[in-house]
Amino acid sequence: MKRILLFTLLCLPLCSGAFELRQPMDLPLELSANFGELRPNHFHSGLDMKTQQKVGQPVYSVYDGYVSRISVSATGYGNCLYVNHPEIGLTSVYGHLENSFIPELDSILKERQYAEQRFDVDFLLEPDACPVKKGDRIATSGNSGSSGGPHLHFEIRDMKTEIVMDAQRFYYIKDTTSPSFHRIFITPVPGEGVVAGNAITKDYSMEQLKTPVKAYGRIGIGVKANEYMTGTANIYGVHTLKMEVDGKTKFSYNIEQFSFDSTRYINSFIDYELWRKGRGMVMKTYLPENHCTEFIREQTDGGYLLIDENRDYKVKLTITDYRNNVSTFDFTIRGDSTVIPIVSAYNGGRYFMWNFSNSIIEDDFYFNMPKGSLYNTLYFKYKCKVDSTACSNIHQVHYASVPLQKYADIKIKLTNDTLVNKNQYYIGYSVDGRYYSYSKGSYDNGWMVGTTRALGFYRVLTDQTKPTLKYLGVKANTIKFSASDDESELDRFEGYIDGKWAPFYHDAKSHSITYTFDKKRAESGKKHSVSLTVYDHCGNARTIKTNVYW
């Protein structure tokens, strides 16, 4: 009885009936993205609330509490506020805000930026620094950071654990539209099964699956499906997925909440190779050896189907949205032992086990993956191609179609170490060995050293070119520049007004850097000197100096 009472008390803060949160904006509550949507390398952790395609909509605290954290960045959440609500044990998060908050928060932000002399800051606040009441305006909506258009990214987290939960449990959004299936993927386990006479993944439309699919051995089912909401044309992620075989549940998934430590395990849930090939996000009902059970509710035999009899296997798939609108789809897999050829799972390479640390150690290359980096045990391929015209050989580290859960250490020896400025070397990464992008690394006694969570092609490149920087003029008391770098990419920037550091604002999407004159720090009606310097990751810098009136 005591255990039941304790459990009930612990769950009270998470029960939406125990209190009421106000909406973060006084707008019709419509979503452009829902909680748990499948995104590259992570689950979507909040609700993207529509702002009528505008920036500048007032944003309010949803409950009593205090602003506990301010984060400003050119990417990610952009300008973001965190509000703790101790009474109910929750934290509310407001992302992609405009580049100014309410005056008291703006003052705190500017003070920190001036103290650190940097634009991107992320810091905590004491409870008495900025207390708020339910309904207090704290900011305005915007389009900052990695936002594809004006909206408010809104989250609810557990205040102690930071586990993020579906905020729909606190708000009612009318939805009578059921989710839809799009395609079904059937994948044979290499060396253990076949589908339609082949040992490769086959995909089917709903119409095609009116006819039984012949298969034998060990196979897995993948599902491409989406949720839709009443009154919008947007596409969303499904809330639950269940697979039954011959009336028994084989697999079930529910994305009610998750921890940020587990969000990258989305790559154990989706068919990562299909995503890399541009086929979209396909949910797998079968599990790799290294997986996270946080969003897996039930599974038998890893979710795999063992087709070992010449008979019909009845498969039923069920998907639901948060409002329990349901769609089901039934199809038949016909066991047929006559179609199974002898197939070997061996494809060359080194035998790497997922639950061990694995390394490649060569005279000019080192790659170490800690235990739990791989999702499955596999034969790992490595190739080295000599390139006498480059700074290093080209190293193929397996295939980009295989994801990594953890960071691996990488070291590449330079074959042509001729630059005086060693900072101008960088590690280049490529998915297919053609176009190389910047991958962080540092020079160490003839080697480039770094970490990575991507497999593919690596080599050492140089960047001796200054970034591009253009002065675009002054409008409405705001001076604007554009900045970019095509090689090692932009790293940081420093702006000065009348010789004093100033908080210039960086929008990575538009490649713009701006500064709005502050009357408290620069007198109006006079000429002011402006200096902006941008740096790439290899330390190359470009500076523009000008004089402006405002």
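**Two sheets and a patch**

Mentor: In this predicted model, five strands make an open sheet in the order β26-β27-β31-β35-β34, paired in the antiparallel sense.

Trainee: What makes β26 and β34 edge strands?

Mentor: β26 (358-361) and β34 (442-444) each have a single partner strand, so one side of each has no neighbour in the sheet. Direction ignored, neighbouring strands here are turned by 15° against each other on average.

Trainee: How do you know that β31 and β35 count as paired?

Mentor: Pairing takes at least two bridges. Strand β31 (residues 408-413) and strand β35 (residues 447-452) have six, in the antiparallel sense, so they count as a pair. As for partners, Lys411 is bridged to Val449 in β35.

Trainee: Okay, on to Met353. Why is Met353 called partly exposed?

Mentor: Buried means under 20% and exposed means over 50%, with partly exposed in between. Met353 has 32% relative accessibility, so it falls in that middle class. You'll find Met353 in the loop between β25 (350-352) and β26. Together with Tyr351 and Phe356, Met353 makes a nonpolar surface patch of about 320 Å².

Trainee: And the other sheet: which strands stand at its edges?

Mentor: That open sheet has four strands, ordered β37-β38-β42-β41, with antiparallel pairing. β37 (468-475) and β41 (505-507) are at the edges, because each has a single partner strand. From one strand to the next, the twist averages 20°.

Trainee: How many bridges join β37 and β38?

Mentor: Seven, linking β37 to strand β38 (residues 478-484) in the antiparallel sense. Within β38, Phe481 stands opposite Tyr471.

Definitions and conventions. Residues are numbered from 1 along each chain as its sequence is written. This is a predicted model: local features need pLDDT of at least 70, side-chain atom pairs count only at pLDDT 80 or more; totals for chains, interfaces and linings use all residues. Side-chain values use heavy atoms; hydrogens and water are left out. Helices (H or I, at least four residues) and strands (E, at least two) are DSSP runs, numbered from the N terminus. Axes are lines fitted to C-alpha atoms, for helices over the stretch in contact, and angles run from 0 to 180 degrees between N-to-C directions. Patches are made of residues with over 30% relative accessible area and no salt bridge: like charges are joined within 9 Å, nonpolar side chains (Val, Leu, Ile, Met, Phe, Trp, Tyr) within 5 Å. Accessible areas come from the Shrake-Rupley method with a 1.4 Å probe; for residues, only the protein chains shown count as cover. A salt bridge is a side-chain nitrogen of Lys or Arg within 4 Å of a carboxyl oxygen of Asp or Glu. Buried means under 20% relative accessible area, exposed over 50%, partly exposed in between (1.4 Å probe, protein chains only).
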